[in-house]
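Hi,

Here is the structure I promised to pass on. Have a look around it for yourself, then read on for my notes.

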Amino acid sequence: YNEIGILEKNVMKLHKYLKANLGLQFAIVISAYRYGKEMGKTGKKLRAKAKNIFYHSTGKMGRGIALMEAHKRFAKNGDWVGYIDLDLPVKLKKFKEIEKIIRQNNCDLIVGSRYGNGSIKGPLKRKILSLGYVLLANLILFGSKRVDDFQAGFKFWRKETLDEIIGRFGKLDERWFFDTQLVYYAQKLGKKICYLPVEYKLGENDKSTVNSVADSANFFFNL
């Protein structure tokens with residue numbers, strides 16, 4: 001997203017919540033796609049406000065490249081890595097449930113699920129495309145090993161899980177197919193995947209860089 005208008009507000013909102021409620025050490029990495037000087041200026045401003053906020057720009061478009069570069073550059077001293085989209089589509093109290101799952105120490109990948117016991121609010125076209133993709137991906141890739149969700153912008157993984165996936169299968173897709181590959185390869189390696197139902201909604205700035213028709217076609221082609 002080109003979310004410069006909500007960057008500072010939402011990052012500080014997230015930081016304030018995690019600092020007050022999370023019983024784990026954490027760092028926030030703003031991994032921007034390619035939004036230049038203004039985004040960089042705000043990123044540096046946020047970095048000055050808190051030592052555990054970092055800013056990184058990939059110079060390329062895509063969720064996959066943003067997450068893989070942030071993982072490689074900033075996760076060296078961490079045990080878990082995760083992400084939430086900048087428009088904060090999931091209620092922040094879900095981080096307490098993430099912490100609980102991490103402390104139980106029996107999951108390798110935690111996936112926020114909008115289906116099953118979760119929910120999704122947004123334009124009907126996007127909901128239909130999203131659900132259609134999940135159903136088709138389950139049919140083609142997973143068969144009887146049903147997966148609840150792939151693309152929700154709320155996932156967490158052990159650092160060594162993604163390291164092992166990339167080591168075995170090579171670099172993952174730089175754009176939006178990254179999430180599907182992450183879940184697919186984790187399951188292929190026998191990793192324990194935990195699904196956390198979430199109420200998922202579009203943020204206040206619904207101007208996505210994802211072209212819902214073109215990228216949906218890309219998803220289906222990648223399958």
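Below is what I found, going from the whole chain down to single residues.

One thing to keep in mind from the start: this is a predicted model.

**The whole chain**

The chain has 223 residues, and 47% of them count as buried. Its secondary structure is made up of eight helices and eight strands. If you take the contacts with a separation of 6 or more, 79% are between residues 24 or more positions apart. As for the outside, the accessible surface comes to about 11,800 Å², and carbon and sulfur atoms make up 52% of that.

**Strand β6**

Try finding residues 154-158, which form strand β6. How many of the five residues in this strand are buried? Five of the five are, so β6 is largely enclosed by the rest of the structure.

Now look at where the side chains go. In a regular strand they alternate between the two faces of the sheet. In β6, Phe154, Phe156 and Arg158 point one way, while Lys155 and Trp157 point the other way. Both groups are buried, the arginine and the lysine included.

Which strands pair with β6? One is β3 (residues 80-84), which runs antiparallel to β6 and is joined to it over five bridges. Within that pairing, tyrosine 83 has lysine 155 as its bridge partner. Another is β4 (residues 109-113), also antiparallel to β6, over three bridges. Here isoleucine 110 sits opposite phenylalanine 156.

**A nonpolar patch on the surface**

Next, turn to Leu136, Leu139 and Ile140. Together they form a nonpolar patch on the surface, with about 280 Å² of accessible area. Isoleucine 140 belongs to helix α5, which covers residues 124-142. Its relative accessibility is 45%, so isoleucine 140 counts as partly exposed; the exposed class needs over 50%.

**Two residues with positive phi**

Finally, two backbone angles to check. Leucine 88 is not a glycine, yet its phi is positive, at about 50°. You will find leucine 88 in the loop between β3 and α4 (94-104). Asparagine 105 is not a glycine either, and it has a positive phi of about 60°. That residue is in the loop between α4 and β4.

Are these two buried or exposed? Leucine 88 has a relative accessible area of 13%, so it is buried, the limit being under 20%. Asparagine 105, at 51%, counts as exposed because that class begins over 50%.

Cheers

Definitions and conventions: Residues are numbered from 1 along each chain as its sequence is written. This is a predicted model: local features need pLDDT of at least 70, side-chain atom pairs count only at pLDDT 80 or more; totals for chains, interfaces and linings use all residues. Side-chain values use heavy atoms; hydrogens and water are left out. Buried means under 20% relative accessible area, exposed over 50%, partly exposed in between (1.4 Å probe, protein chains only). Helices (H or I, at least four residues) and strands (E, at least two) are DSSP runs, numbered from the N terminus. Two strands pair if DSSP finds at least two bridges between them. Contact means heavy atoms within 4.5 Å. Accessible areas come from the Shrake-Rupley method with a 1.4 Å probe; for residues, only the protein chains shown count as cover. Patches are made of residues with over 30% relative accessible area and no salt bridge: like charges are joined within 9 Å, nonpolar side chains (Val, Leu, Ile, Met, Phe, Trp, Tyr) within 5 Å. A salt bridge is a side-chain nitrogen of Lys or Arg within 4 Å of a carboxyl oxygen of Asp or Glu.
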